[in-house]
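Subject: Handing over a structure

Dear colleague,

I am passing a protein structure on to you, and I would be glad if you could look through it before reading my notes below.

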Amino acid sequence: AGVDIDELARGAAAMEQQLRTQPAGENIALRYAVLRWLYGRKGYKAEMLSAFEPRLTGFFQWWQQLFAESEGKQGKGLLPVTGEYSEQLHSLGQFVQEGTPLLFETFLDVKEPGAKDSLVIGGTDVADGFGYLDGKDFWQVNRASFEATRAAHSQVLPCLTLAMDRLDAFHMGQLFYFFAFACYLSAELLGVNPFDQPGVEAYKQRMFRALGR
């Protein structure tokens with residue numbers, strides 16, 4: 001996939017060192033885990049991880065599996081869902097604004113564009129009503145969408161923001177380790193074992209019988 005594995009591992013090691021040395025009150029993984037636990041105690045049933053970055057689509061699937069499989073036991077755990085914005089603003093975004101108040105939202109904020117992320121919107125001779133966007137970079141438009149969405153959603157539900165400087169191998173390594181460590185802490189607060197998957201075995205046994213294993 002062209003990813004620098006050494007940088008990915010270096011980022012994970014840097015986050016490990018940070019989380020193992022930060023005092024409890026400053027430890028970002030512990031603070032995140034405790035907030036998730038408190039929101040669960042207040043009646044919120046789901047957490048939505050949202051971002052305005054299409055390159056995080058695969059990461060979202062990993063995050064969803066991590067928390068669903070690690071925490072979803074003994075009638076406990078938050079349902080992990082994802083908001084891939086701006087594509088889903090007219091579906092999930094509508095539910096967030098006016099639907100059942102069952103979730104809180106965690107935004108992933110990528111603060112700096114990458115070297116290849118720039119795409120300036122050109123002009124056109126068609127009177128399409130979008131002339132105000134001429135000359136603007138898509139990154140700038142995305143940034144405005146993120147800030148407007150976070151402000152609107154914050155009016156109706158709890159919103160957290162996790163910021164990363166840029167989307168590269170080092171910072172993705174940090175992000176992977178942060179969530180894995182935070183998931184372990186969150187499961188400990190719930191009193192469940194994050195390292196087994198008894199529920200998954202229920203369908204596996206039936207599937208194996210059906211296939212003659």
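What follows is a short account of the overall make-up, the sheet, the helices around it and one residue.

Please bear in mind that this is a predicted model, in which local features need pLDDT of at least 70 and side-chain atom pairs count only at pLDDT 80 or more, while totals for chains, interfaces and linings use all residues. Residues are numbered from 1 along each chain as its sequence is written, and side-chain values use heavy atoms, with hydrogens and water left out.

To begin with the whole, the protein has seven helices and four strands, where helices (H or I, at least four residues) and strands (E, at least two) are DSSP runs numbered from the N terminus. Read from the N terminus on, the elements follow the order α-α-β-α-β-α-β-α-β-α-α. The C-alpha trace spans about 65 × 45 × 40 Å along its principal axes, and of the 213 residues 34% count as buried, a term that means under 20% relative accessible area, against over 50% for exposed and in between for partly exposed (1.4 Å probe, protein chains only). Among contacts (heavy atoms within 4.5 Å) with a separation of 6 or more, 75% come from residues 24 or more positions apart.

The four strands form an open sheet in the order S2-S1-S3-S4, with parallel pairing; two strands pair if DSSP finds at least two bridges between them. Strand S2 (79–84) and S4 are the edge strands, each pairing on one side only, and the twist from one strand to the next averages 20 degrees. S1 is joined to S2 by six bridges, and to S3 by five, while six bridges join S3 to strand S4 (residues 159–164). Glu47 can serve as a landmark, since it stands opposite Pro80 in S2 and has Phe104 as its bridge partner in S3. On the other pairing of S3, Glu105 has Cys159 in S4 as its bridge partner.

Strand S3 (residues 103–110) deserves a careful look, as eight of its eight residues are buried. Leu103, Glu105, Phe107 and Asp109 point one way from the strand, whereas Phe104, Thr106, Leu108 and Val110 point the other way. Asp109 has a relative accessible area of 4% and is therefore buried. Leaving aside residues up to four places away in sequence, Asp109 touches Arg143, Phe146, Thr161, Leu162, Ala163 and Met164.

Turning to the helices, H6 lies across S1, S3 and S4 and runs at about 140 degrees to S4; axes here are lines fitted to C-alpha atoms, for helices over the stretch in contact, and angles run from 0 to 180 degrees between N-to-C directions. Helix H2 (residues 28–41) packs against helix H6 (residues 169–190) at an angle of about 45 degrees, with their axes 8 Å apart. The two are therefore oblique to each other, the class left over once angles under 35 degrees are taken as roughly parallel, over 145 as roughly antiparallel and 65 to 115 as roughly perpendicular. Their contact involves residues of H2 including Tyr32 and Trp37, and residues of H6 including Phe178 and Leu185.

With best wishes
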